[in-house]
Amino acid sequence: MWLTIDDKQIEAHEGMTVLNAALGAGIYIPHLCGHPDLEAVGGCRLCSVEIEGMTEAVPSCMIKVEEGMKVTVHGSKAEKTRKTAMELILATHPADCTGCPKYGKCELQSMYQYLGVGPEKWKKKTRTVPTDDSNPLIRHLFTRCVRCGRCVRACRELRGVKVLDFQKTEDGVRIGTDGNISLKEAGCKFCGACIEVCPTGSIMDALGQISEDVSYAEGVVPCRTACPAHTDIPRYLRYIKEGDYEKATAVIREKLPFPETLGCICSHVCETACKHNELGKPLSICKLKRAAAASQSDEWKKNRKTAAPTGKKAAVIGAGPAGLTAAYYLAKKGHEVTVFESNEKAGGQCRYGIPAYRLPDEVLDREISDILEVGVDLKVNTTADTPENLLKQGYDTVLIATGTHKGVLLPLEGNNLSGVQLNTDFLKHARRGQISDPGKKVMVLGGGNVAFDCARTALRLGAEEVHIACLESRDNMTASIEEIEEGREEGIILHSGYSFLRITGDMKVQGVELQKVDKFYFDENRKAIIELIEGSQEIIPVDHVIFAVGQAPLGTEKLGVELYHGSYVKVDSSFSTSLPGVYGAGDVVTGTKSVIEAIAAGRQSAIEMDRYLGGDGDISEELLEKETADPFLGRTEDFGSLERLYPSLLDPQERKKSFAPVEQTFTCGEAKCEAGRCLQCDLRLNLTNPRLWNEY
Amino acid sequence: MKQLQTDVIVVAAGLSGLAAGIAAAENGAEVMIFEKSNTTGGAANMGMGPLGVGSPIQKEHMISLTAGEAFRKHMYYTHYRVDARMVRDYYFKSGETIEWLMDMGVEFTGVQRAFSAPEATRAYSDGEFTWHVVKPEGGGAPGPRCATAMTKKMTERAKELGVKFYMETPVVRVIKEDGRAVGVIAKNRDGEEIEARAKAVILATGGFGDNPEMIKEQTGYEFGKTIFNFAIPGMKGDGIKMAWEAGAGHAPCTMELMYQLPDNMNHFILDGAFRQPCLWVNRNGDRFMPEDQIANTTFTGNAITAQPGCVAYSIFDSKLLKKYKKKGPDIISHVHPHDLFDHFDDQWEKDLADGYEPICQGDTIEELAEKAGIDPVGLEKQVEEYNEMCEAGFDEIFEKDRAYMQPIEKGPFYCCRQNVGAYGSVGGVRINHKTQVLNEEAKVIPGLYCVGTDACNIFGDSYPFILSGNTMGFCLNSGRIAGEHAAEEAVEY
């Protein structure tokens, strides 16, 4: 069908509105109540045009196109209607644009710029409505509302959540919930569609919700942004909710090769960032990932791509999460990759640091074999040559990813007695089955997760009484709350807020003397200051002591690259060491961090190394077709109050006898239910951004 | 990463960025503008119009001020502490820039000096008619925001010239290679990085009025405590930081001072009602300037800064209020409504009930002082002295205009705290008269330009109100200068 708009012939489909036909043909007509994803209602009059045969200007969003129709956008009648409409809007809109957070991103601002109207023509009457900050995540500043109704239509029709509506009040019509109840009580799903479609600063994200340091999309979906590997969390949670574990796994695998490992032990910073924290507890993202990955689907492999051989060779020193991740992506880019591992098995700290009751061998073995499958050559029990020599031997690039395998021994009286051990050695020997007698009474010194790993391992190896002592108070311990709680259930005796004075004994450990800490803080020079309570000394009788107070790189002084802080490998922003062609990633560079950070570093270093080898550095992959998420959410009563689910744990008395996994995987029902709590923060990014006049 | 290539990159599409983009494109360069908002015009959307000297409008009105005279005045005002060559080039271009805008279709209501008032109290009585106020497209009286009509015309002109706009795509940093600026890294709405390369990069991001940390760091003021400036959202100092990171020299930053009430746009009636030559005192209750000067927002802002706690108090009594209501205010500014006192009672009652913190009312001077936080003894003494001088008909202290010697004697008394305000920041990046960025050794960083507020180092310590319209004027003209030079460099390169 053809019609004419301002002397321009344009094609349109039957049933289209004049407004959409014009916009589609690149002709701008201002509009406020209209939005590309919503049905227009003809309320704002800004889209008025003249149509041949009609005496008055008419809103173009309400008129369907007809064959041969003649439309004039810039006629005098239409212009007058539009300007008057804008002047009336501005007459009740506050003039304090400078204080409005929407400044510069406001559709109303853009539109009055386009219409060039002055605000001074009408007697101004600002309708003051108190700002409502009482709801989580969403802020209502209805003084700025122009009553276009986009939010109401987005909430009711597009999302089907039906929370917002026009409400009649003494001061005129405003937007709100029926009965003026809170959004949570009204069944709001906090999807943010109302915020997204609002053309002014009336409905905004609550203060501090959107980080200004990242892009808009990153700010809107904080879990994905917080994840060091940027896994598309809302997307895979949607698949889990539908029970589609295959697709969920594929989504995770687009960003990392260790989904189940992470599902077991990830430090899940995503959960800290989850917007659900504002409503109650965050989504159980980590455990949902485990549920999906434990299904062991191989579907994702169908779309896995490996580039043609490039003829380049890369050596990776260390088969931990950083090294293996880098190796995986380098191999997929067509490079010949050899991984050198001095231990008898690959996995690094995932195997020799994290006990099997948290991360079973089978899980690691399975995920490592998927990595080797793309053509990575793993040489275990092999100490790599120096990077320089590797380059001489024909490798084009080398990655140092040897982690931190050297436990730290505190300068404490008695630290040389028999029965004193280091965290790293103890856990490694335990994993290898080399510890027959862990001692009867064991004291672990340290307050992190590794301290608990040591303590709970000692318990499982047969120790009768296990203590943990640390400087930090319980609330300031770096160990996760789950670790502390599970340790307590298993009978670990925790002495938090104690300083270690000395290890007592002659030749063998007989005890540890502790003293209660009064204050522990860092002064302005970031020096640790410990103030003790006088007379609170006590000796805990033990026969073994394990130091779990940190760990450092082992043997890096022989690598021939520049180090910092003693033994850490120094790299620049592109992961490059002081030796050209030699890269560094993971704990050996950053100090002991999480597995997910090591994996993210593995990815980043692979990108840099691929570029160094002449590739494009593009390791992104699509393991499943991009779907469009259903914009319709529908109502769920009490959505905002749904409780977080927790996976069940083995009975403490049972579990402490063996290395069987403590935590069970979510059942399919549990997982679907928990994933259903996701706010789907990413959904609002699918809404079309209205094009403003300056984009035509 | 997406790769782009062009001749000239402009960072931000505010007034100076648009001017730079248009000028570069008119001179044959291919131009890309990256803007973090979705609207063009930046802070200029709140403004009213630019300075021009020797424009067709001035000639029509027989305003004979020449660019050379304006230059001399400016240098005299700033005591030659600023770059004379930059100032000279700016004024000599400014008249033609008005013509340039008119050719784009921008209309001006006329030309003004800052504010008009009776001769003796006139805010800028020695000011020149240099302020070209933009005419709203659909008619109506010009007021705050009327410069949007200019932004629109400029945006249209830029598009017509083929300038490519990348909206909601903030630039993260300048790429430098071998000491030369060769492009920028930008990040779009979805977080995708873009590497754009060009022969010249022009930074034009509008200062740091919306960055309290930077205000503290660079000027010592504390936002919301010692200064209540316009914090136009988005003015984070991006360009200044980027320039410094790329090796630019530091030019001293200042705040473009004036004074106002906190959150003044929401209390605009009171903002105007108390901007009267009544009794003005500091926290000790002492007068600190002849009140007939308070319409000069620059001087008064400076004076308030010099008072304890950076605050002042404007006080009138019921008799004076009655007079204002009946005869109108003593001073009518250009920005406040003329019928201020018709709305005074409504706004006063409402704000008093809401607990709007800068205002108070008292039946006695002592009560007023206590509520306002002024030293009661000091204020009582001052009021007594002031009233005696009113009776005698002469201000022995400051020789304030006799017409305004109106006593403060009949309760209830009204008081409004006045805070230091600012339009935003000025200065930061060291440039030469071609707007090329200089390093700390005053050597040019090839390929890098900085314009507008980020590089407005010509004001010295105060806004040169004697030649009004200077903020926008400098943005437009420095932008044009940069665009022309960048295009020349890009074509030669």
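# Two helix packings and the chains around them

The crossing of α2(A) and α3(A) is left-handed. I start there, and should say at once that this is a predicted model.

Some detail on that pair. Two packed helices are described by the angle between their axes and the distance between the axes. In chain A, helix α2 covers residues 76-91 and helix α3 covers residues 107-115; the angle is about 135°, and the axes are 11 Å apart. An angle of over 145 would count as roughly antiparallel. At about 135°, α2(A) is therefore oblique to α3(A).

Which residues make the contact? From α2(A) they are A:Arg82, A:Lys83, A:Met86 and A:Leu90. From α3(A) they are A:Met111, A:Tyr112 and A:Leu115. By class, the contact of α2(A) with α3(A) has 5 nonpolar and 2 charged residues, with no polar ones.

Helix α3(A) also packs against the other chain. Its partner there is helix α5 of chain B, residues 148-160. The axes of α3(A) and α5(B) come within 8 Å and cross at roughly 80°. The band for roughly perpendicular runs from 65 to 115 degrees, so α3(A) and α5(B) are roughly perpendicular to each other.

On the side of α3(A), the contact is made by A:Tyr112, A:Gln113 and A:Tyr114. On the side of α5(B), B:Thr148, B:Thr151 and B:Lys152 take part. A:Tyr112 is thus listed in the contact with α2(A) and again in the contact with α5(B). The class split for α3(A) with α5(B) is 2 nonpolar, 3 polar and 1 charged.

Now the interface as a whole. How many residues of each chain are in contact with the other? The count is 39 in chain B and 33 in chain A. On the chain B side, α5(B) gives the most, with 5 residues. That side of chain B divides into 14 nonpolar, 17 polar and 8 charged residues. The size of an interface is often given as the accessible area lost when the parts come together. Today I give residue counts instead.

Next, the chains themselves. Chain A has 696 residues, of which 51% count as buried. Its secondary structure comes to 24 helices and 27 strands. The C-alpha trace of chain A spans about 105 × 65 × 50 Å along its principal axes. Taking contacts in chain A between residues at least 6 apart in sequence, 70% join residues at least 24 apart.

Chain B has 14 helices and 17 strands. Its radius of gyration is 24 Å, and the globule rule gives 23 Å for 493 residues, so chain B is as compact as a globular protein of that length. The principal-axis spans of its C-alpha trace are about 75 × 45 × 45 Å. Buried residues account for 59% of chain B. For contacts in chain B between residues at least 6 apart, 75% join residues at least 24 apart.

One residue of chain B as an example is B:Val31, in strand β3, residues 31-34. Is B:Val31 buried or exposed? It has 30 C-beta neighbours inside 10 Å, and the cut-off for buried is 20 or more, so B:Val31 counts as buried. Leaving out residues up to four places away in sequence, B:Val31 touches B:Thr6, B:Asp7, B:Val8, B:Val10, B:Gly21, B:Ala24, B:Ala25 and B:Val163. B:Phe71 is 40 residues from B:Val31 in sequence, and their C-alpha atoms are 32 Å apart.

Last, some backbone details. Two residues have a positive phi although neither is a glycine: A:His268, at about 35°, and B:Asp178, at about 50°. A:His268 lies in the loop between α11 (259-265) and α12 (269-273) of chain A. B:Asp178 is in the loop between β7 (171-177) and β8 (180-187) of chain B. Their surroundings can be set side by side. A:His268 counts as buried because it has 24 C-beta neighbours inside 10 Å. B:Asp178, with 6 other C-beta atoms within 10 Å, is exposed.

The other item is a cis peptide bond between B:Gly411 and B:Pro412, with omega about -5°. B:Pro412 sits in the loop between α13 (376-392) and β15 (413-426) of chain B.

To return to the start: α3(A) is oblique to α2(A) and roughly perpendicular to α5(B).

Key: Residues are numbered from 1 along each chain as its sequence is written. Chains are lettered from A and ligands numbered from 1 in the order in which they are written. This is a predicted model: local features need pLDDT of at least 70, side-chain atom pairs count only at pLDDT 80 or more; totals for chains, interfaces and linings use all residues. Axes are lines fitted to C-alpha atoms, for helices over the stretch in contact, and angles run from 0 to 180 degrees between N-to-C directions. Helices (H or I, at least four residues) and strands (E, at least two) are DSSP runs, numbered from the N terminus. Angles under 35 degrees count as roughly parallel, over 145 as roughly antiparallel, 65 to 115 as roughly perpendicular and the rest as oblique. A crossing is left-handed if the near helix is turned anticlockwise from the far one by less than a right angle, and right-handed if clockwise. Two residues are in contact if their C-beta atoms, placed from the backbone, lie within 7 Å. Ala, Val, Leu, Ile, Met, Phe, Trp, Tyr, Cys and Pro count as nonpolar, Asp, Glu, Lys and Arg as charged, and the others, Gly among them, as polar. The radius of gyration is taken over C-alpha atoms; the globule rule is 2.2 Å times the number of residues to the power 0.38. A residue is buried if 20 or more other C-beta atoms lie within 10 Å of its own, exposed if 12 or fewer, and partly exposed in between; C-beta atoms are placed from the backbone.
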